[in-house]
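Dear colleague,

I am handing over the structure below, and I would be grateful if you could look through it alongside the notes that follow. They begin with the ligand and then turn to the domains and to two helix pairs.

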Amino acid sequence: MLEVTDHSTLSQMLLQEVKTLADRFQQTFGRIPSFMEVCGSHTMALARTGVKKALEGYVRLISGPGCPVCVTDQVTIDAMISLTDGVNRIICTFGDMVRVPGSYGTLMQAKTEGKDVRVVYSPVDAVRIAEQHPHQEVIFLGIGFETTIPILAAAVKEAEEKQVRNFSMWMSTKLVEPILRQLLHDGEVALDGFLLPGHVSMVMGRKHFEFLATEYNIPAVISGFEALDMLSALRHLLLLSLEQRAVVLNDYKSVVTEQGNVQAKYWMNHYFTLCDEAWRGIGVIFDSGMDFKSEYNQFNAKVKFPIPTREPRRTKCRCGEVIRGLIDPPQCALFGRACTPLNPIGPCMVSSEGSCAAYYQYMREE
Ligand code: SF4
């Protein structure tokens, strides 16, 4: 059932309109439309609000690669666990990351073994911890997309201004544009359009995504995260698909502008530059992340604490296929059996934005 809110009547009307348009799409093209929600926040919101379930059989909503925890490669977790072995080190990161399995355990397990691993809400908190512990090295594992990268830059700015020399960051950030290009280039999933994330678009601006229409001839709609927002965006996507019009439409104008947040973009480009990044279950993608510019190497944990990279031990987790939209979570043999939110095998079940966690919580047949 759709979420009951003050807008429930409107939601039901919009839902009905989306279903009618989806029927028309099916009559016109002989199949149901497939749209990919790019980000994990949408994946969770579509499941939580009941929109995804309500549209079963009408619209195929495919989870995309925009959950930052889910796409963090095992190599990164393995590196962070190796770093906990050094003396006088404090490892800090965001909440979900401590539960993500690497090849040989999690950061949480390292903590229970006595290593100093701390969860922080913001990288700026890690700078504060470094100030409070001047004789220890504080290393922050920085993950996230364009929404988070400016926040990472703000922490580096603070450390630079306060001359906090015992703070560094291990960057494992990702960018949306390169992974969308990769997905479209590979063509493994047939897509009729993208539901674009409102928060990434708030930073990058609508124009940033115009390449989808001009280069790939595919429509996309920027959406907020409430049921009404998402239904409205899906309605637009269906109308565009029916008219066969490739347009990138901003349906979240209260938050997203044409150019995005110029200040945020300035600071992320001030400290960081493009780099190749390894995506879990996908591989290395050219220029798909950001890492420190060489002039800021004093804050670059990879330079400060070089460690040999080991070939990761792969598991039967199929997160790589889930985040590329190739399978739905229940198609993984471990889903709901060996892999549950209490005992996650892969990051898609760990993350509060992960497809497997969303499916387990809201879509699973009891
Ligand atoms: Fe990985 Fe678990 Fe999802 Fe399977 S159910 S893909 S093991 S996270």
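Which residues are the closest of those that surround the ligand? Please keep in mind throughout that this is a predicted model. The ligand is surrounded by 14 residues, and the closest of them are Cys-317, Cys-332, Cys-339, Gly-346 and Cys-356. Sorted by class, the shell around the ligand holds 12 nonpolar residues, 1 polar residue and 1 charged residue. Two helices, H14 (319-323) and H15 (347-350), each contribute at least two residues to that shell.

As for the overall layout, the protein is divided into three parts, with domain 1 covering 8-67 + 176-250, domain 2 covering 74-175 + 260-304, and domain 3 covering 329-363. The C-alpha centres of domain 1 and domain 2 are 31 Å apart, and the contact between these two domains involves 14 residues of domain 1 and 14 residues of domain 2. On the side of domain 1 that touches domain 2, strand E2 (60-66), helix H8 (176-186) and helix H9 (198-204) each supply at least two residues, and the residues of that side comprise 8 nonpolar, 5 polar and 1 charged.

The first helix pair to mention is H1 (residues 8-29) with H11 (residues 227-243), whose axes are 9 Å apart and which pack at an angle of about 25 degrees. Because angles under 35 degrees count as roughly parallel, H1 and H11 are roughly parallel to each other, and their crossing is left-handed. Among the residues that meet in this contact are Leu-14, Val-18, Leu-21 and Phe-25 from H1, and Leu-231, Leu-234, Leu-238 and Leu-242 from H11. The contact of H1 with H11 is made up of 14 nonpolar, 4 polar and 3 charged residues, with Glu-17 and Arg-24 of H1 and Arg-235 of H11 also taking part.

The other pair is H7 (residues 149-161) with H12 (residues 262-271), where the axes come within 8 Å and cross at roughly 60 degrees, which makes H7 oblique to H12. The crossing in which H7 passes H12 is left-handed. From H7 the contact draws on Ile-149, Pro-150, Ala-153, Ala-154, Val-156 and Lys-157, while H12 provides Ala-264, Trp-267, Met-268, His-270 and Tyr-271. By class, the contact of H7 with H12 has 9 nonpolar residues, 1 polar residue and 1 charged residue.

With kind regards

Methods:
Residues are numbered from 1 along each chain as its sequence is written. This is a predicted model: local features need pLDDT of at least 70, side-chain atom pairs count only at pLDDT 80 or more; totals for chains, interfaces and linings use all residues. Domain bounds come from an automatic or database domain assignment. Two residues are in contact if their C-beta atoms, placed from the backbone, lie within 7 Å. Helices (H or I, at least four residues) and strands (E, at least two) are DSSP runs, numbered from the N terminus. Ala, Val, Leu, Ile, Met, Phe, Trp, Tyr, Cys and Pro count as nonpolar, Asp, Glu, Lys and Arg as charged, and the others, Gly among them, as polar. A residue is near a molecule or strand if its C-beta atom, placed from the backbone, lies within 6 Å of it. Axes are lines fitted to C-alpha atoms, for helices over the stretch in contact, and angles run from 0 to 180 degrees between N-to-C directions. Angles under 35 degrees count as roughly parallel, over 145 as roughly antiparallel, 65 to 115 as roughly perpendicular and the rest as oblique. A crossing is left-handed if the near helix is turned anticlockwise from the far one by less than a right angle, and right-handed if clockwise.
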